[in-house]
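Work through these short exercises with the model open. Try each task before you read its solution.

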Amino acid sequence: MDLSITELQLIKNSTLLHFDCPNCDSELVHKVAQLLLTGLATACIDNTAGDPFRSYASVAVPLRKEMVNYLTERSQKFITESIVGTAEAVPDQQVEVSDDPAEIISDFMDEFANLKRNLFGRVSGWLLSENREDKIDDFAQDMETDSFWPIDRREGISAIFIKNVDLKRKFHCGEKYESADKLHEHMSECTYRKIICENEGCRAKLSAFSKDEHDDVCAYKIVECEQKCGDRLLRRDMDRHCITVCKIRMVNCPFYQIGCESAFVQSELAKHCEDFLSSHVLYVLKVVHKREGLNEDELEAHRHVLKESDSWKDLSEARDVRSLSWAVKDLEAKLKRPVSE
């Protein structure tokens, strides 16, 4: 039966009379796992550039093995190289060593790809061509789609690389135990243990310590409207909600185009139409009787007649120019005979 990377590591460590916790920052592990695929694609593309007799896929298997071996060796030597580099530094001259495992491992992959670059890639303008970047992206996507190097296997290897280069132990647990039972007990409470976001629809994998941080930005978290309208919705729908349907979003008066320059929250539309009915009707009368060329006094007389009718308040139910215009025309038609008399 094949053993996982973690199981093999536990067996190795058990011979040294201690059991290491294998947990690492899950998000970083996933990030490095994605970099591994891009790094392999880069090595394959550069290794076969300009060679019509070899395809990218034909070298993927051997280069994958070589790259894993190279990264393993480089990561294992990283701590020693960092210590020696610091010790040999010129006095008063600081030696900057990155503490970002993803950056360190990415540099190692660049070194490997450079070693595997063929002569065509070294002497031509291949490295600067846009076609090269497109081919790398396409081949990485093809390998992902075909499950050439499954993500779970890449993550298992990535965790080992991260532990090897994480000098300050910022991204992995590193706890050691004398027995497997004690390690097992620790694993259930380890802050670096892998968990899955509990918000429905989100399948993000993360370490337990970052649960709250992820929850604060999770697109699938149900939260209250940030404008305090009382609605609860998915965080990812917040912008659309606030702009389109929120009851207290700021809107212009629907009669803005004909003269009313008021702005208010959406929930106050009915109240605004009631409070400013007289102004809205005057604006509409100017539009309805535009061809007649009525002056201000004549328009005011029309409005006064409408105000005296029993249907005046009903006009406030019209919430846009078109509906209020039709309502005013209908009411004027009903009042026309009494007015003429």
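## Exercise 1: A charged patch

D142 lies in helix α6, which spans residues 130-145. The model is a predicted one.

**Task.** Decide whether D142 is buried, partly exposed or exposed, and find which residues form a negative surface patch with D142.

**Solution.**
- Step 1. The relative accessible area of D142 is 41%.
- Step 2. Buried means under 20% and exposed means over 50%, with partly exposed in between. D142 is therefore partly exposed.
- Step 3. The negative patch consists of E130, D134, D137, D138, D142 and D146.

## Exercise 2: How far to trust the model

**Task.** Find where confidence is lowest and where it is highest.

**Solution.**
- Step 1. Start with the whole protein. Its mean pLDDT is 87, and 88% of its residues reach 70 or more.
- Step 2. Now go to the low end. Helix α1, residues 5-14, has the lowest confidence, at a mean of 48.
- Step 3. Then take the high end. Confidence is highest in β5, at 97.

## Exercise 3: Salt bridges across the chain

**Task.** State how many salt bridges the whole structure holds, then explain why the pair D99 and K170 ties together parts that are apart in sequence.

**Solution.**
- Step 1. A search of the whole structure gives 20 salt bridges.
- Step 2. One of them joins the side chains of D99 and K170, at 3.1 Å from N to O.
- Step 3. D99 sits in the loop between α3 (56-87) and α4 (101-115), and K170 in the loop between α7 (151-165) and β2 (176-177), so the pair ties together parts 71 residues apart in sequence.
- Step 4. Check the surface. D99 is partly exposed at 31% relative accessible area. K170 is partly exposed too, at 42%.

Keep the general idea in mind: side chains of opposite charge can pair when their charged atoms come close.

## Exercise 4: More pairs and a network

**Task.** Name the salt-bridge partner of D231 and the partner of K221. Then find which residues are linked in a network with R117.

**Solution.**
- Step 1. D231 pairs with K247, and their closest N and O atoms are 3.0 Å apart.
- Step 2. D231 lies in the loop between β5 (222-224) and β6 (232-234), while K247 lies in the loop between α10 (238-244) and β7 (250-252), so this pair ties together parts 16 residues apart in sequence.
- Step 3. D231 is partly exposed at 29%. K247 is partly exposed at 38%.
- Step 4. K221 pairs with D215, with the closest N and O atoms 3.0 Å apart. K221 is partly exposed at 25%, and D215 is partly exposed at 23%.
- Step 5. Salt bridges link D46, R117, R132 and E133 in a network.

## Exercise 5: Positive phi

**Task.** Give the phi of R169 and of K228, and say where each residue lies.

**Solution.**
- Step 1. Recall the background: most residues other than glycine have a negative phi.
- Step 2. R169 is not a glycine, yet its phi is positive, at about 55°. R169 lies in the loop between α7 and β2 and is partly exposed at 41%.
- Step 3. K228 also has a positive phi, near 65°. K228 lies in the loop between β5 and β6 and is exposed at 66%.

## Exercise 6: Apart in sequence

**Task.** Find what distance separates the C-alpha atoms of H184 and F19.

**Solution.**
- Step 1. H184 belongs to helix α8, residues 180-187.
- Step 2. With a relative accessible area of 62%, H184 is exposed.
- Step 3. H184 and F19 are 165 residues apart along the chain, and their C-alpha atoms are separated by 9.7 Å.

Notes. Residues are numbered from 1 along each chain as its sequence is written. This is a predicted model: local features need pLDDT of at least 70, side-chain atom pairs count only at pLDDT 80 or more; totals for chains, interfaces and linings use all residues. Side-chain values use heavy atoms; hydrogens and water are left out. Patches are made of residues with over 30% relative accessible area and no salt bridge: like charges are joined within 9 Å, nonpolar side chains (Val, Leu, Ile, Met, Phe, Trp, Tyr) within 5 Å. Accessible areas come from the Shrake-Rupley method with a 1.4 Å probe; for residues, only the protein chains shown count as cover. A salt bridge is a side-chain nitrogen of Lys or Arg within 4 Å of a carboxyl oxygen of Asp or Glu. Lys and Arg count as positive and Asp and Glu as negative; His and the chain ends are not counted. The place of a charge is taken as NZ of Lys, CZ of Arg, CG of Asp or CD of Glu. Helices (H or I, at least four residues) and strands (E, at least two) are DSSP runs, numbered from the N terminus. Buried means under 20% relative accessible area, exposed over 50%, partly exposed in between (1.4 Å probe, protein chains only). pLDDT is the predictor's confidence in each residue, from 0 to 100.
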